[in-house]
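Trainee: I should like to work through a structure by asking about it step by step. May we look at it together?

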Amino acid sequence: METDTHVYLFATCVVDLFSPQSGLDAVEVLEALGVTVAFPRDQTCCGQPAYTTGFADDARRVAAAQLDLFPQPWPIVVPSGSCGGMLRHHWPRLFADDPQRLAQAEALAARTVEFCDFVDTRLAASQVADTTPVRLALHTSCTARRELATHLAGRRLLAKLPGVELLEPEHEAECCGFGGTFAIKHPEISAAMTEDKLDALQASGCAQFVSADCGCLLNLNGALERRPTTLRGLHIASFLRSRLATRGAEQRR
Amino acid sequence: MSGDRQPRPQDFKVQSRAALADPALRASFRSAMDFLVDKRAAQFPDIGAYERLRSLGTRIREHALAKLPELLERLEQNLTALGVQVHWAETPSDANRIFLDIAARHGAQAMVKGKSMVSEEIELNREMAAHGIDCVETDMGEYILQLDGDRPSHIIMPAIHKTKADVSRIFAEKIPGSAHTEDVDELIAIGRRALRERFRDAPIGVTGANFLVAETGSLVLVENEGNGRLCTSVPEVHVAITGIEKVIERLEHLPPLYTLLTRSATGQAVTTYLNIVTGPRRAGEKDGPREVHLILLDNGRTQAWRDQRFRATLQCIRCGACMNHCPVYTRVGGLSYGTTYPGPIGAIVSPHLLGLDATRDLPTASSLCGACGEVCPVGIPIPELLMRLRGAARRRPAPERKPLRDEGAARSRAETLVWTAWALLYSRARLYRWFSWWATRLRRLTPAWQGGWTRGRVPLRPAPRSLRELLAQRRR
């Protein structure tokens with residue numbers, strides 16, 4: 001079992017503005033593991049939206065503004081998989097021509113840990129309070145899956161939770177159709193992918209699905225709200241918090 | 001999409017929208033692609049072994065491209081020594097002119113052709129027809145498409161968008177004396193009988209080539225139907241055409257690439273035919289062509305080769321696995337792209353062939369999910385290349401480099417402005433905090449229409465408070 005006492009949370013722009021509860025729940029889960037969470041308040045975004053659209057210079061400007069925010073040698077936990085992949089794999093590429101920043105980016109990349117990955121290696125079965133049976137599906141961001149193998153960490157993590165039955169929807173590994181500006185530049189294709197993903201999730205018979213990628217969740221929940229169903233996607237941190245004996249959970253009781 | 005209305009890359013959005021609205025097409029592509037995905041997966045049960053083979057294949061292709069000019073020279077010398085005539089074509093029209101010259105010297109009115117995507121690239125059939133030469137497709141899928149005036153929608157399974165009923169109708173209409181049937185075996189027999197006649201009479205056989213071996217001067221042709229073997233052995237003249245990037249250095253480099261190709265493409269451990277043509281008929285041999293030509297086409301490949309950021313594009317061995325695994329291709333089908341090469345590989349190859357203006361919507365038609373890069377048997381970082389092409393289409397070329405064709409053509413002032421503003425906002429922490437404070441307070445003013453996003457989703461609306469505010473409250 002790993003023994004970090006402090007971590008940084010790099011919450012990402014999507015969590016900050018659109019899904020803050022996921023970020024709060026991530027903090028609570030991390031604290032329940034006995035870790036002190038530092039949230040550098042000047043953090044904004046990993047730069048991915050501009051980077052994947054072809055505006056690497058703009059992405060570099062934004063990424064550069066994050067480089068000095070994590071001075072201690074603590075792990076940097078990212079509760080959104082594709083952003084984690086951006087830090088880990090693409091920041092070093094962004095600064096390939098700038099030796100000083102490259103060194104910084106590489107050091108940060110080496111400390112970057114996706115949320116599930118971090119929690120999985122530290123969670124003890126004794127910390128699980130709620131074992132109510134639930135049928136769950138796991139949706140993993142496709143970039144995060146390929147760049148960080150988050151689907152494996154996510155499955156391992158869920159397997160540690162008594163009562164959770166993990167279902168595997170059809171075409172589980174396939175993209176949900178988000179893809180950043182792809183969803184705006186090719187809305188019909190994106191929507192077709194999203195609809196197929198939702199059909200598969202609904203057909204799987206899951207009561208809920210979880211994900212550690214907030215872009216995918218915004219996309220899937222945004223489309224689910226147009227459907228006559230109560231099925232929703234939840235950030236895996238929020239689900240986890242509901243199963244653990246965390247400070248917030250005790251307060252709610 | 002048959003007949004006169006040939007799809008164009010400029011119309012990708014319109015064409016893909018039409019394809020998405022066709023449930024039968026979507027269902028058939030989905031099931032065909034699932035079938036190919038499963039067959040491929042069954043061929044690579046051991047991930048470790050696959051990764052080793054793939055890294056070997058990648059190195060072989062990288063090595064060949066690193067030495068491309070030298071290997072092409074050696075290939076030409078060895079082919080010439082064997083009696084093969086080598087022709088260099090910079091453009092499709094150069095290539096067609098070479099075909100016409102060869103046909104004129106032999107007084108040929110007809111050609112039989114094996115499956116060749118490069119011949120599609122130069123629109124050989126149409127060009128030959130314009131000069132009174134009948135160039136007949138002999139690959140069954142391609143033959144069906146030619147009879148119907150249609151185009152391939154997949155580089156390995158060209159007629160994957162045709163149903164059994166379509167083929168039945170096309171044959172009944174276009175092959176005189178054939179009985180109407182929907183039995184697949186009978187349909188194939190009808191097609192084969194019609195094609196036999198053509199093989200017997202044609203003075204020229206045309207094929208592509210999957211690999212060119214520099215050290216031996218060999219043309220390698222991978223196929224399943226035997227039509228390639230007939231095209232390379234029955235007619236008096238064999239003309240092969242392929243891209244300059246297909247050369248590999250040594251014969252021993254062939255087996256790993258062949259294995260990667262067949263397993264990735266059709267999920268086969270071996271194909272029915274593997275033809276290695278090393279020169280024309282020799283004295284004392286009973287068959288084989290008396291004349292062999294190789295046409296090496298550039299058509300924009302040099303542009304990809306000379307720019308290190310794009311050279312990996314040319315590693316491709318045309319297996320089609322990237323399209324089989326692509327969630328976009330699976331839904332819009334191959335014809336939507338309006339290019340010779342559809343899907344992810346098409347989106348990274350076509351900009352070099354046709355320019356970044358005509359193909360501006362292709363590199364953006366990807367969620368960058370990474371499935372293509374993951375299954376590419378020769379390690380082409382397709383998502384990475386798509387991002388670079390997006391950038392090249394949208395930004396002014398750097399003065400120190402030779403620009404790509406139509407570099408910066410998709411540059412729009414509005415889009416540049418949006419990202420400049422975005423970068424300003426997200427690179428200044430205080431400005432961003434101010435912005436997020438107001439965005440959360442004014443969340444009710446979020447527009448209900450948000451362009452493409454709200455086409456299938458509810459509008460994006462900021463939360464009542466940002467995470468940084470919630471955390472600050474919590475710490476109090």
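Trainee: Is B:P377 buried or exposed?
Mentor: This is a predicted model, and the values discussed here are computed from it. A residue counts as buried when its relative accessible area is under 20%. The relative accessibility of B:P377 is 2%, and therefore B:P377 is buried.

Trainee: Where in chain B is the place of B:P377?
Mentor: Two helices of chain B frame this position, α17 with residues 371-375 and α18 with residues 382-394. B:P377 belongs to neither helix range but to the loop between α17 and α18.

Trainee: Which residues does B:P377 touch, not counting residues up to four places away in sequence?
Mentor: Contact here requires heavy atoms within 4.5 Å. With residues up to four places away in sequence set aside, the residues that B:P377 touches are B:Y50, B:R54, B:T58, B:L260, B:S264, B:I317 and B:C319.

Trainee: What separates the C-alpha atoms of B:P377 and B:R475?
Mentor: Along the chain, B:P377 and B:R475 are 98 residues apart. In space, their C-alpha atoms are separated by 52 Å.

Trainee: How many helices and strands are there in chain B?
Mentor: The C-alpha trace of chain B spans about 95 × 55 × 45 Å along its principal axes. Within chain B there are 21 helices and 10 strands.

Trainee: What radius of gyration does chain B have, and what would a compact globule have?
Mentor: The expectation follows from the length of the chain, which is 476 residues. For that length a compact globule would have a radius of gyration near 23 Å. The value for chain B agrees with this, at 25 Å.

Trainee: How many positive and negative side chains does chain B have, and how far apart do the centres of the two sets lie?
Mentor: Chain B has 68 positive and 53 negative side chains. The distance between the centres of these two sets is 12 Å.

Trainee: What are the corresponding values for chain A?
Mentor: In chain A there are 24 positive and 30 negative side chains. The centres of the two sets in chain A lie apart by 2 Å.

Trainee: Why does the radius of gyration of chain A agree with a compact globule?
Mentor: Chain A, with its 14 helices and 8 strands, has C-alpha atoms that fill a box of roughly 50 × 45 × 25 Å along the principal axes. A compact globule with 253 residues would have a radius of gyration near 18 Å. The two values agree because chain A has 18 Å.

Trainee: What share of the residues in chain A is buried?
Mentor: The share is taken over the 253 residues of chain A, with buried meaning under 20% relative accessible area. By that cut-off, the buried share in chain A is 63%.

Trainee: How many residues does each chain bring to the contact, and what area do the chains bury between them?
Mentor: Chain B gives 61 residues to the contact and chain A gives 70 residues. Carbon and sulfur atoms account for 61% of the buried area. Between them, chain B and chain A bury about 5,700 Å².

Trainee: Which three residues supply more than any other three of the area that chain B buries against chain A?
Mentor: Their joint share of the area that chain B buries against chain A is 13%. The three residues are B:R457, B:L467 and B:R474.

Trainee: Which residues is A:E188 in contact with, leaving aside its neighbours within four places in sequence?
Mentor: A:E188 is found in helix α11 of chain A, residues 187-203. Its relative accessibility of 21% lies between the cut-offs, so A:E188 counts as partly exposed. Beyond its sequence neighbours, A:E188 is in contact with B:R17, B:L20 and B:R455.

Trainee: Which sign does phi of A:A149 have, and what is its value?
Mentor: A:A149 is found in the loop between α8 (142-148) and α9 (150-159) of chain A, and is partly exposed, with a relative accessible area of 31%. A:A149 is a residue other than glycine, and its phi is positive, near 50°.

Trainee: Is B:D287 buried or exposed?
Mentor: B:D287 lies in the loop between β9 (273-277) and β10 (291-297) of chain B. A residue counts as exposed when its relative accessible area is over 50%. The value for B:D287 is 52%, and therefore B:D287 is exposed.

Terms used
Residues are numbered from 1 along each chain as its sequence is written. Chains are lettered from A and ligands numbered from 1 in the order in which they are written. This is a predicted model: local features need pLDDT of at least 70, side-chain atom pairs count only at pLDDT 80 or more; totals for chains, interfaces and linings use all residues. Side-chain values use heavy atoms; hydrogens and water are left out. Helices (H or I, at least four residues) and strands (E, at least two) are DSSP runs, numbered from the N terminus. The radius of gyration is taken over C-alpha atoms; the globule rule is 2.2 Å times the number of residues to the power 0.38. Buried means under 20% relative accessible area, exposed over 50%, partly exposed in between (1.4 Å probe, protein chains only). Lys and Arg count as positive and Asp and Glu as negative; His and the chain ends are not counted. The place of a charge is taken as NZ of Lys, CZ of Arg, CG of Asp or CD of Glu. Buried area is the accessible area (1.4 Å probe) that two parts lose on being put together, summed over both.
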